[in-house]
Amino acid sequence: MTSTSPRPRDRTGTTRGTATGRTRTPGGAREKRRAERRAGMGRAWLHSKKSLLLAWKAVRETVSPAGWLVIFLAVAGLSCGMTFGWAELIAAGAASSVLLLLSLPFLVGHKGYDVSLIVEKDRVTVGQDLPATVRVTNIRRSPALPGTIELPVGAGMVELPIPFLSSKAVTDRKIDISTSRRGIIDVGPPHVSTGDPLGLLRRERTWPDKHRVYIHPLTTVLPHSASGYVRDLEGSPSAKLINDDLAFHAIREYAVGDSRRQIHWKSTAKTGQLMVRQFEETRRSEMLVVLDVQEGGYQDNEEFELAVSVAASLGLRGLRDGRNLSIAMGQEAPPFASEEVRGLVHLSTLTPLSMLDGFSGVKCLQRVASFPYVVAQAAENADSVSIALLVVGSAVTTGEIRNAALSMPVGIPILTVICDLSAEPTVRRLGDLNVMTVGLLEDLRHLMSRGALE
């Protein structure tokens, strides 16, 4: 029987390590401390690198090209002047250094501004006034030096000077935004820049205030008969016969499944058999407006703007009459796309406001499908068109107008409005088509008031 001796213990009572046990050597602790030091140095380097990059970015954003030139003159002038003993270079370097030192105080307080942008209207008509106010408040306890507000307005930029502001002072800078052209413009966000009068050093800050303004086209109020058909609350009867509706069609014999509410008792008494009323299904009239947006269909931009105003006026009349309205136009395609794959753009007609917002962004396009092709696509997408209104420019030929009309369902009244700034207002027949020529927007209202389509 083999006896085992207990492990030796040291004076503290801890069992000493044996040849087969694991021990912690001093070398392993040193390696761990070195790894921790290397990791700490790596983190410190990354932090320093990040701080240096942020500082360099701040310097690049603060120093203008003129400022870099002055810094170069200061460093080169002082170093070269002292090295070679040239008094002129020393004077140039000293003067440049003084300019830099005098520019530094102008950077103080650039974060003391609170800027808000106030635009009174977000929807206007072409030519209406659109005032805006930029309010600047000095939120610091110390005065703020003068600066400049740069306000983006569409594709342009408006610069507004900020005067010297005492503590908690407020100043309003008012501007009038131009609305001479239809479109959608973004106003803001405002940028505030502070710096010295020479433009050596400059700091900027941007506020998030941004407003989108819709400049609607000019429109005119058209008479109720402008759509070319009688305004009927019952809708338009179709050829489909049903058992219950508003448009009465005829009386027939009772069949199993007919509602007893439709029994016509007088006819039943005369014939001795149950007779019921039969109706034609009525559908709500739908008005289709197609605007030609081909660049080659118009003589100039003013003629295209007249066409947009005509289409918008017709659309407003349809919505006010409670009609189902569809407004379509061609969609621009990439250069490699063929005519067959070019689609349509349908404007929102939920409300007059949403429709006019859509017309604000309509543009004359180069690569767009031909007008007859656009009309054919619009006719396919419309379920039950009761009248079609086609708006074109003076460069559209009579053949194109005829081809466009042939793509519409048979029996639908079609009105083509030709916009020609140099033409007299007239209405003529082109086969089965009504063709109206207008030179001004008011011509459309006058011709409609005369019952030109009836």
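Select Trp 68 to begin: this residue is partly exposed, with a relative accessible area of 34%, where buried means under 20% relative accessible area, exposed over 50%, and partly exposed in between, using a 1.4 Å probe and protein chains only. The model is a predicted one, in which local features need pLDDT of at least 70 and side-chain atom pairs count only at pLDDT 80 or more, while totals for chains, interfaces and linings use all residues. Residues are numbered from 1 along each chain as its sequence is written, and side-chain values use heavy atoms, with hydrogens and water left out.

Trp 68 lies in helix α2 (residues 65-84); helices (H or I, at least four residues) and strands (E, at least two) are DSSP runs, numbered from the N terminus. Add Trp 56 and Val 59 to the selection, and the three residues make a nonpolar surface patch of about 290 Å². Patches are made of residues with over 30% relative accessible area and no salt bridge, like charges being joined within 9 Å and nonpolar side chains (Val, Leu, Ile, Met, Phe, Trp, Tyr) within 5 Å; the accessible areas come from the Shrake-Rupley method with a 1.4 Å probe, and for residues only the protein chains shown count as cover.

Keep Trp 68 displayed and select Leu 200, whose C-alpha atom is separated from that of Trp 68 by 7.8 Å, although the two are 132 residues apart along the chain. Leu 200 lies in the loop between β8 (191-195) and β9 (202-206), and at 5% relative accessibility Leu 200 counts as buried.

Move next to strand β15 (residues 324-330), where six of the seven residues are buried, so the strand is largely enclosed by the rest of the structure. The chain reaches β15 from β14 through helix α5 (residues 301-320), in a β-α-β crossover that is right-handed, meaning that, with the strands pointing away from the viewer, the path from the first strand over the helix to the second runs clockwise. Strand β14 (residues 286-291) pairs with β15 in the parallel sense over six bridges, two strands being paired if DSSP finds at least two bridges between them. To check the register, select Glu 286, which stands opposite Asn 324 in β15. Strand β16 (residues 344-346) runs antiparallel to β15 and is joined to it by three bridges, and Leu 344 in β16 is the bridge partner of Gly 330.

Turn now to the charged pairs, of which eight count as salt bridges, each a side-chain nitrogen of Lys or Arg within 4 Å of a carboxyl oxygen of Asp or Glu. Select Asp 172 and Arg 135, which form a salt bridge with the closest N and O atoms 2.8 Å apart. Because Asp 172 lies in strand β6 (residues 170-176) and Arg 135 in strand β3 (residues 131-138), the pair ties together parts that are 37 residues apart in sequence. Asp 172 is partly exposed at 32% relative accessibility, and Arg 135 is partly exposed at 35%.

Finally, select Arg 317 and Asp 321, a salt bridge with its closest N and O atoms 3.1 Å apart; Arg 317 and Asp 321 are both buried. A network of salt bridges also links Asp 122, Arg 123 and Asp 357.
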